[in-house]
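Got the model open in your viewer? Let's walk through it stop by stop, with something to select each time.

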Amino acid sequence: METAPAKTLQKRQVIFLAILLLLWESGSEAVRYSMPEETESGSFVATLAKDLGLRVGELATRGARIHYKGNKQLLQLDVTTGNLLLYEKLDREVLCGATDPCILHFQLLLENPVQFFQADLQLTDINDHSPEFLEREMLLKIPENVQTGTVFPLKIAQDFDIGSNTIQNYTISPNSHFHVVTHNRGDGRKYPELVLDKPLDREEGPELSLTLTALDSGAPPRSGTTAVRIEVVDINDNAPEFLQSVYEVQIPENSPLNSFVVAVSARDLDAGTNGNVAYALFQGDEVTQPFVIDEITGEILLKRALDFEATRYYNVEIAATDGGGLSGKCTVVIEVVDVNDNVPELTMSTLTSSTPENSPETVVAVFSVSDPDSGDNGRMVCSIQNDLPFLLKPTFKNFYTLVTERPLDRESRAEYNVTITVTDMGTPRLQTEHNITVLVADVNDNAPAFTQTSYTLSVRENNSPALHIGTVRATDRDAGANAQVTYSLLPPLDPHVPLASLVSINPDNGHLFALRSLDYEALRAFEFRVGAADRGSPALSSQALVRVLVADDNDNAPFVLYPLQNASAPCTELVPRAAEAGYLVTKVVAVDGDSGQNAWLSYQLLKATEPGLFGVWAHNGEVRTARLLSERDAAKHRLVVLVKDNGEPPLSASVTLHLLLVDGFSQPYLPAPEAEAADAAPAAPLTVYLVVALASVSSLFLFSVLVFVAVRLCRRGGAASVGRCSVPEGHFPGHPVDVSGTGTLSQSYQYEVCLTGGSGLNEFKFLKPILPNLPTQGAGEEIEENANFWNSFGFS
C-alpha cells in the first residue's frame, strides 16, 4: 500500500505534467524524425540529447522522460547515452490508418528546472500488405446481345498500404472477349472495369472463367487475385439505369443504428425477370462502409455507429442488377454531420444597478458569449424579448452591449426583467439564457395631477368655524421626494372675495376648512384655485378649481307681502253675500328669504270668526268661501292665516284678514267698517233686488229643456263680453270678481269692478248683470258638491 507522501508526490507529478503540456501548447518548434514502420523494438531512432543541445549527464539528473498522448509508451529514452529507442514495433496502419503522412507527436520533459521539448516521429509506409479481394469469386451475367465496348464494373481489392504501396493496376487473364481498364476514384483509390472486346455467343460458350489480379507498386510488389465467372444470358438488352449517377446525403454522427440514410432507385425497361432490379452494395468493405442496402427497395440503412472525428465522408457504390444479369452502378456520397453537443456560455462583464429614465442610448450591461463547437455549431446569435425597449449591439468579436432603445419612463414601468438568450446555429440548436433585472431610476418629469380638474364642495350655512368642508387630492407618478405633494391656496380670481378669511388648506393632505360661519343669503357660492407642488428639483406644480356652494339653512321665517300688516288702517276685503262656494275672496302673498324646500310655503287658516265659512288654499294662499253665504252670517269677519315654510324645523308667520260681507256692488260708496252699523238700513233694498233677480233667472231655467243648448251658447257669448268702467284718477287694472269659484266670472252673473285710487277706502261700482241664468232646482246639491270639491284641495 502506498503511503500518503507517495500519493501526494504522484499528484504533484500529474499537476506538473499538466502544466508542462499547457506550456507546450502555447507554442514551440518541434524536432522531427522519420523511420519506416514495422521496425523492431529497441531500434535506434536518434541521438535526442545531441539534437536538443543537452549534455548526456543532464538527462539523468533532471529526470528526463518521454510523454506521448494517452500515456501510451511507444518510445523510450536511454538517459545514459541520450539515445531515443523504439519501445515496441510500430504499425503505421494501426496508428494512423489512411492518414498520410503519419506523424506521432511526443514530448521530452525535464525537471529541476522545468523544461520541455517538442519532437515528432514520422512513420513511413512499407509494402507489408498485399491486395486482397473481399470475395473469392465474382459472378457476371452478361447477355449475348451486348455490344462490344460495353463496360462492366468489377469490385475493387483492398490494400491497407498507402502511396505506391497500395493498388496501382488491375489485369485480367488473357482471353479473346474482354480486357480490364483501371480508373482512379475520387478518394485516390483505383477500380477496375471489364470491357467487352468481342460479342458473346451463348451457343458457343454459355460461361467464361477469368482471373482478375490487383497489383501494387511496392518493393517488392504484391498482388491479389479473384475469380471472375461470366454467365452469358440470352436476350436481355436493357441494363438498369439509376435516376442519379451520384447521390449526396448527410447523416448526423449520433444517428441510431438502422437509421434510414437514403433510397436509391434504378429502372429497367425490360419486362419480366429481365426488368426486376436487385440492389446491392458494390463494395462491401465493413471497415469503410458501415451501411447495408435493401435489395428490393434500395434503402440504405446504418448498421454501425458513425464518428465524425474519425471519418467525415463515405463513398458507397451501389449496383443494380436485373433478372437478365445486366447491372448499373451509382455512387452515394455520404457526409457525416457534426453533432452540436456544447451549450453556448454567457459571461457578464458589466451590469449597472439602475438606469435613469429619459436617457437615450444608455449602456445597461456588457457581456461576452462563447461556444466551443465549430462551424455553425459554434456560431451564435444573441437576442432578447421583442417587447422591451432595449437593443443588443455587437462590439468586439463576441462582446455585446445591452443599451436602451429609447428613453425609459419609470412611471410606465419601473422594472424590466430582461432575458438574454444565446443560441448557436447548430442542429439541434442549443441555447442558454441569462436573466437580469433593470431598475429605472426616477427623474422629476411628472407634475402633480389632481383627481379632478374642478371640485364642487357643499357646506351648510351657519357652520361652526374651522369646519372640514372637503378634501382635494393630487397624485404624482414620480417616486420619493419627486412624489411628495404640498398643497396651497392660490390668489383668488375675484379680488373682492376675502379668500384668506373664508377657507384654509392643510398643506400635507389637502383638507379644506371653513374659517368662519357662512351666510347663504350673503354669499351663496365662491370659487378659488388650489395649487399642488412636488418637492423635486426643479419643482413641478398644477392647480385645480374649487367651487364652494353654501347650502341653505332654514333661518328665515316667511314674510307676508300682502296684505300689509304695518299699514295705518287694516285692509278690508269685500265679499258679496251672493257669492257661491269657492268664491275667491283674496290672496295672501308671502315670500321666504331661504331657498329650496325651506322656501316652500304652505297656508293654513288658524283662526276665523265663523269657522267653516271660509277656507285657505294650502299652496297658493287663496282665501275662498267654503259654502254659500246667508243672511244669518255676520257681516264682519276676522281671519288669521298662518304661513309656514317647509324647513326643518319649520318657521312661520301669521296675517290677519278683515272681511266685510255686502249685499251688492251697486252702491257708489261703501262705508268703512266702523260705519257699518249706521248704513245697514239702506242695504236692505239691494238685497230685495238680488232676490227678485234670482227668482226670475230660475223661472227662465224651468221654461224648457229644449232651449238648454241655446242658453249655453248665449251664456258663452255673454262670458266673452265684459264691460269696462272709467276710472277718474289713478291706474288700477280691471279684474273680474269671481262669484262661482272657477277663478273667473260665472256664467250666471258677470260684473266689472273698478277699484278707485286716491281714497282710503275701496269702492265698488255695480253695473248690471249680463245674461242672468241662476239655477233654482238642484242649487243645494251644486253648493254641496262645490264645497266638497274645494275641501279636497286643502281648504280649512
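Start by selecting Phe390, which counts as buried because its relative accessibility is 3% (buried means under 20% relative accessible area, exposed over 50%, partly exposed in between, with a 1.4 Å probe and protein chains only). A quick note before you click on: this is a predicted model, where local features need pLDDT of at least 70 and side-chain atom pairs count only at pLDDT 80 or more, while totals for chains, interfaces and linings use all residues. Residues are numbered from 1 along each chain as its sequence is written, and side-chain values use heavy atoms, with hydrogens and water left out.

Now add Tyr416, which is buried too, at a relative accessible area of 7%. How do the rings of Phe390 and Tyr416 sit against each other? Their centres are 5.4 Å apart and their planes are at 85 degrees, so the pair is edge-to-face. (Rings of Phe, Tyr and Trp, the last by its six-membered ring, pair if their centres lie within 6.5 Å; planes under 30 degrees apart count as stacked, over 60 as edge-to-face and the rest as tilted.) Phe390 belongs to strand β28 (residues 390-394) and Tyr416 to strand β30 (residues 415-424), so to speak two distant parts of the chain, 26 residues apart, linked by this pair. Helices (H or I, at least four residues) and strands (E, at least two) are DSSP runs, numbered from the N terminus.

Next, pick Phe450 and Tyr455. Here is another edge-to-face aromatic pair, 6.3 Å centre to centre with 75 degrees between the planes. Both residues, Phe450 and Tyr455, are buried. Add Tyr487 and you have one aromatic cluster of Phe450, Tyr455 and Tyr487. Across the whole structure, a search finds 9 aromatic pairs.

Time for the largest nonpolar core. Among its 27 residues, Val45, Leu54, Leu108 and Leu121 touch the most other members. (A nonpolar core is a set of buried Ala, Val, Leu, Ile, Met, Phe, Trp, Tyr and Cys residues joined through side-chain atoms within 4.5 Å.) Colour β6 (102-110) and β7, two of the elements that each supply at least two residues of this core. β6 gives the most, with 5 residues. Zoom in on Leu108: beyond its neighbours within four places in sequence, its contacts include Leu48, Ile66, Leu77 and Phe117 (contact means heavy atoms within 4.5 Å). A separate core of 26 residues includes Val472, Tyr487, Leu502 and Ala544.

Switch to a cartoon view for the sheets. One open sheet has 4 strands in the order β33-β40-β39-β36, with mixed pairing (two strands pair if DSSP finds at least two bridges between them). β33 (454-460) and β36 (485-489) are the edge strands, each pairing on one side only. β36 runs antiparallel to β39 (residues 525-534), joined by 5 bridges. Select Leu489 and you'll find Val530 of β39 opposite.

Another open sheet of 4 strands goes β42-β49-β48-β45, again with mixed pairing. At its edges stand β42 (572-576) and β45 (602-608), each with a single partner strand, so one side of each has no neighbour in the sheet. β42 pairs with β49 (residues 652-662) in the parallel sense over 5 bridges. Thr572 has His658 in β49 as its bridge partner.

Last stop: Glu135, in the loop between β7 (115-124) and β8 (137-143). Is Glu135 buried or exposed? Neither quite: it counts as partly exposed because its relative accessibility is 36%. Show Lys155 and Thr226 as well, since Glu135 touches both.
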